[in-house]
Amino acid sequence: MYLLLGVDDAEIFRNRKSYMSINVQTISDANLLITDLVARWLGSTHDSTIHQNSQRHRVFESGAYNVAYLLGDSGYPLKSHLLTPYLNPSTHGE
């Protein structure tokens with residue numbers, strides 16, 4: 001299903017930095033080869049929304065990848081398969 005947008009809908013493409021854009025989710029492997037690409041979301045869409053609505057998220061949630069992890073930035077929720085950084089690390093280990 002494709003959504004046709006007119007001039008009146010243009011603002012939904014404006015991202016948080018005020019640029020007009022689309023939001024793209026890319027997953028790569030340890031060799032930096034792209035293994036998944038989702039390029040269909042409006043610029044104003046939050047990264048975690050894209051991930052939570054992706055096929056790859058459903059596969060990770062089902063446990064099909066066994067021992068595999070994604071690394072995300074702090075905009076993503078911490079999950080058993082999705083590792084995110086500490087926002088304010090307080091120990092050397094963090």
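Let me start with the span from residue 9 to residue 88, whose end C-alpha atoms lie 38 Å apart and which is 18% helix and 25% strand. That is the stretch where UniProt, in an unreviewed entry, places the feature "domain: DDE Tnp4", and I should say at once that what we are looking at is a predicted model.

I will begin with the strands. Strand 1, residues 22–28, and strand 2, residues 34–42, pair in the antiparallel sense over six bridges, and together they form a hairpin with five residues between them. If you want to follow the register on the screen, take Asn23, whose bridge partner in strand 2 is Trp41, and then Gln25, whose bridge partner in that strand is Val38.

In a regular strand, as you know, side chains alternate between the two faces of the sheet. Strand 1 shows this alternation, with Asn23, Gln25 and Ile27 pointing to one face and buried, while Ile22, Val24, Thr26 and Ser28 point to the other face and are not buried.

In the turn of the hairpin, please look at Leu32, which sits in the loop between strand 1 and strand 2. Its phi is near 65°, a positive value in a residue other than glycine, and that deserves a remark, since most residues other than glycine have a negative phi. Leu32 is exposed, with a relative accessible area of 69%. A second case is Asn66, in the loop between helix 2 and strand 3, where phi is positive at about 60° although the residue is not a glycine; Asn66 is likewise exposed, its relative accessible area being 69%.

Staying with strand 2 for a moment, Arg40 belongs to that strand and is exposed, because its relative accessible area of 61% is over the 50% cut-off. Arg40 and Ile22 are 18 residues apart in sequence, yet 6.9 Å apart in space from C-alpha to C-alpha. Setting aside residues up to four places away in sequence, Arg40 touches Asn23 and Asn53.

The loop that runs between strand 2 and helix 1 holds Thr45, which is buried at a relative accessible area of 15%. Apart from neighbours within four places in sequence, Thr45 is in contact with Asn23 and Ile50. Thr45 and Asn31, on the other hand, are 14 residues apart in sequence and 28 Å apart in space, again C-alpha to C-alpha.

Now to the helices, and to helix 2 in particular, residues 55–62, where the buried residues are Arg56, His57 and Phe60. Viewed down the axis of helix 2, these buried residues fall within an arc of 100°, so they line one face of the helix. The face turned away from that buried side carries the exposed residues Gln55 and Ser62. What do the buried residues of helix 2 pack against? They pack against strand 1, strand 2, helix 1 (47–52) and strand 3 (70–71). Just after helix 2 comes Gly63, with a positive phi of about 85°.

Helix 1 contains His51, and this histidine counts as buried, at 3% relative accessibility. Leaving aside its neighbours within four places in sequence, His51 is in contact with Gln25, His57, Leu70, Tyr76, His81 and Leu82. Tyr76, counted in the same manner, touches Gln25, Asp47, Ser48, His51, Leu82 and Thr84.

Which residues make up the largest nonpolar core? There are five, namely Ile27, Phe60, Leu70, Tyr76 and Leu82. We have already met Ile27 on the buried face of strand 1 and Phe60 among the buried residues of helix 2.

I will finish with the aromatic rings, where the count comes to one pair. The rings of Phe60 and Tyr65 have their centres 4.5 Å apart and their planes at 55°, so the pair is tilted; the cut-off that matters here is that planes must be over 60 degrees apart to count as edge-to-face. How do the two partners stand in terms of accessibility? Phe60 is buried, with a relative accessible area of 10%, whereas Tyr65 is partly exposed at 35%.

Definitions and conventions:
Residues are numbered from 1 along each chain as its sequence is written. This is a predicted model: local features need pLDDT of at least 70, side-chain atom pairs count only at pLDDT 80 or more; totals for chains, interfaces and linings use all residues. Side-chain values use heavy atoms; hydrogens and water are left out. Buried means under 20% relative accessible area, exposed over 50%, partly exposed in between (1.4 Å probe, protein chains only). Helices (H or I, at least four residues) and strands (E, at least two) are DSSP runs, numbered from the N terminus. Two strands pair if DSSP finds at least two bridges between them. A nonpolar core is a set of buried Ala, Val, Leu, Ile, Met, Phe, Trp, Tyr and Cys residues joined through side-chain atoms within 4.5 Å. Contact means heavy atoms within 4.5 Å. UniProt positions are given in the numbering used here, feature names are shortened, and annotations may be inferred rather than shown by experiment. The arc is that of the directions from the helix axis to the C-beta atoms. Rings of Phe, Tyr and Trp (its six-membered ring) pair if their centres lie within 6.5 Å; planes under 30 degrees apart count as stacked, over 60 as edge-to-face and the rest as tilted.
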